Amino acid sequence: MSNLYNSYILVVDDNDDNLELIEDFLDDEGYENIICVTGARDAYDVLSEKGIDLIILDIMMPDIDGLEACEYIKTHPDYKDIPIIIATAKADLDTLKAGFEAGASDYVRKPITNDIELLARVKNALTLKCQVDYIKNINESLDDKIKDEIDKNHKKDLLMQEQTKLAEMGEMVGSIAHQWRQPLNALSINIQNLEDDFEEGLIDKIFIDNFIQKNTDIINFMSHTIDDFRNFFRIDKEKIDFSVLESIENVVNIQDAVLKNYNINLEIIGDDFIINGFKNEFSQVVMNLINNAKDALVENKIDDAKIVVELSNNKITIINNGVGIDEDIIDRIFEPYFTTKEQGKGTGMGLYMSKMIIENNMNGKIDVKNIDNGVSFEISLKSVDS
Ligand SMILES: Nc1ncnc2c1ncn2[C@@H]1O[C@H](COP(=O)(O)OP(=O)(O)OP(=O)(O)O)[C@@H](O)[C@H]1O
Ligand SMILES: [Mg+2]
């Protein structure tokens with residue numbers, strides 16, 4: 001109802017004179033929508049068809065009396081909030097009590113001789129109903145807004161989860177692609193060398209066995225790489241004790257052909273130690289460092305090119321001779337996508353990934369420094385014994 005006088009008022013009385021009287025009073029006051037019926041059943045029909053704002057209900061009626069009707073209306077889920085004013089000739093306390101117990105909110109006494117009492121009570125009841133409706137509307141729209149917001153937040157959460165997943169997948173695929181470049185390179189060189197080896201008469205049963213073994217190792221390494229980076233973001237990965245030397249040798253075997261191809265000599269010195277962590281991820285780091293050293297040696301056309309991997313005191317140092325790293329950029333080389341290599345030759349992800357693996361996943365430290373006649377990368381880890 002937009003104003004009180006538009007309210008729908010249902011008047012129920014078995015006596016036509018009473019109905020007419022009440023209707024006249026309301027009409028004179030300016031109420032525009034008054035519906036009069038002579039019994040409870042007709043009243044129920046009206047209720048089911050129209051949104052009623054107030055009921056004025058006679059108590060003494062044949063068939064269904066006012067108290068019963070009042071009770072029915074007040075227990076009906078659709079009508080229970082409609083205020084009811086009971087009109088009763090029996091202004092005794094018991095009838096009033098029963099009326100209020102049945103759910104009436106007010107009463108008028110019969111016979112209705114003047115409009116004062118009726119109009120005052122009608123106005124009060126409608127004003128209250130109006131305010132209750134207003135608050136109900138606010139509550140409903142608040143409820144809707146809250147539901148909308150919860151819905152929106154839920155959708156946002158899902159979207160963010162989706163985006164995080166996609167970003168992680170992108171990073172995973174990028175990492176695998178990055179780490180496949182070296183073994184793919186090695187496979188390609190091994191295959192290319194096959195013809196020369198044949199022409200030189202080197203191919204016999206032992207050669208074939210070696211060839212199969214060597215390339216199967218590379219393929220296995222590539223296969224592990226997929227698992228390594230698929231599990232990279234999992235926090236429940238299992239750390240294991242492993243020999244640092246063994247892990248380095250695995251990588252060196254893979255890069256062997258490539259290093260030979262460029263006449264680079266690789267030497268491993270020092271004493272092995274055992275660490276606890278992720279063996280394959282550690283191998284990926286060693287591969288990146290050896291590959292970077294190889295790239296630097298090749299790029300600077302270093303004669304007598306050498307890579308030395310030294311193990312001592314829980315440290316792994318990978319040194320290559322040649323030209324050092326420009327001091328202007330040395331602090332930036334661990335940043336993602338930082339590269340000095342030309343497009344297609346470097347992504348700048350190698351050292352960033354290596355730092356993540358060593359420092360975030362294995363609690364270690366990786367550092368770089370220029371040394372006399374070359375570059376030294378140092379990885380410090382906690383050995384199992386220390
Ligand atoms: N041993 C090294 N000697 C000289 N410069 C190096 C050496 N190792 C790394 N760098 C420098 O650090 C940069 C970053 O190395 P990083 O491995 O992160 O990326 P990248 O080798 O350029 O590309 P990719 O990620 O594809 O391997 C290199 O571009 C290079 O300039
Ligand atoms: Mg690199």
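Let me begin with a single residue, E168, which counts as exposed because it has 12 C-beta neighbours inside 10 Å, and a residue with 12 or fewer such neighbours is classed that way. Please keep in mind throughout that what we have here is a predicted model. E168 is found in helix 5, which covers residues 115–199. If we compare E168 with D24, the two are 144 residues apart in sequence, and from C-alpha to C-alpha they are 77 Å apart in space.

That brings me to the overall layout. The protein is divided into domain 1, covering 4–113, and domain 2, covering 165–380, and the centres of these two domains, taken over C-alpha atoms, are separated by 91 Å. Along its principal axes the C-alpha trace spans about 125 × 50 × 45 Å. The radius of gyration of the protein is 45 Å, whereas a compact globule of 386 residues would have one near 21 Å. In terms of secondary structure, the protein comes to nine helices and 12 strands, and buried residues make up 28% of its 386 residues. Among the contacts between residues at least 6 apart in sequence, 67% join residues that are at least 24 apart.

Now to the interior. The largest nonpolar core has 38 residues, and V285, V286, L289, I290, A293, I307 and I318 are the ones with the most contacts inside it. Several elements give two or more residues to this core, among them helix 6 (205–230), helix 7 (244–261), strand 9 (306–312) and strand 10 (315–321), but helix 8 gives the most, with nine residues. To look at one member, A293 touches I307, I318 and N320, if we leave out residues up to four places away in sequence. There is also a second, separate core of 33 residues, which includes V11, Y31, C36 and L118.

Finally, let us turn to the ligand. Which residues are the closest to ligand 1? The shell has 20 residues, and the closest of them are A296, T339, G346, G350 and L351. The elements that give two or more residues to this shell are helix 8, at 279–299, and helix 9, at 350–361, and of the elements it is helix 8 that gives the most, with four residues. By character, the residues of the shell divide into nine nonpolar, 10 polar and one charged.

If you take one element away from this talk, let it be helix 8, which gives the most both to the largest nonpolar core and to the shell around ligand 1.

Note on methods. Residues are numbered from 1 along each chain as its sequence is written. Chains are lettered from A and ligands numbered from 1 in the order in which they are written. This is a predicted model: local features need pLDDT of at least 70, side-chain atom pairs count only at pLDDT 80 or more; totals for chains, interfaces and linings use all residues. Domain bounds come from an automatic or database domain assignment. A residue is near a molecule or strand if its C-beta atom, placed from the backbone, lies within 6 Å of it. Ala, Val, Leu, Ile, Met, Phe, Trp, Tyr, Cys and Pro count as nonpolar, Asp, Glu, Lys and Arg as charged, and the others, Gly among them, as polar. The radius of gyration is taken over C-alpha atoms; the globule rule is 2.2 Å times the number of residues to the power 0.38. A residue is buried if 20 or more other C-beta atoms lie within 10 Å of its own, exposed if 12 or fewer, and partly exposed in between; C-beta atoms are placed from the backbone. Two residues are in contact if their C-beta atoms, placed from the backbone, lie within 7 Å. A nonpolar core is a set of buried Ala, Val, Leu, Ile, Met, Phe, Trp, Tyr and Cys residues joined through C-beta atoms within 7 Å.
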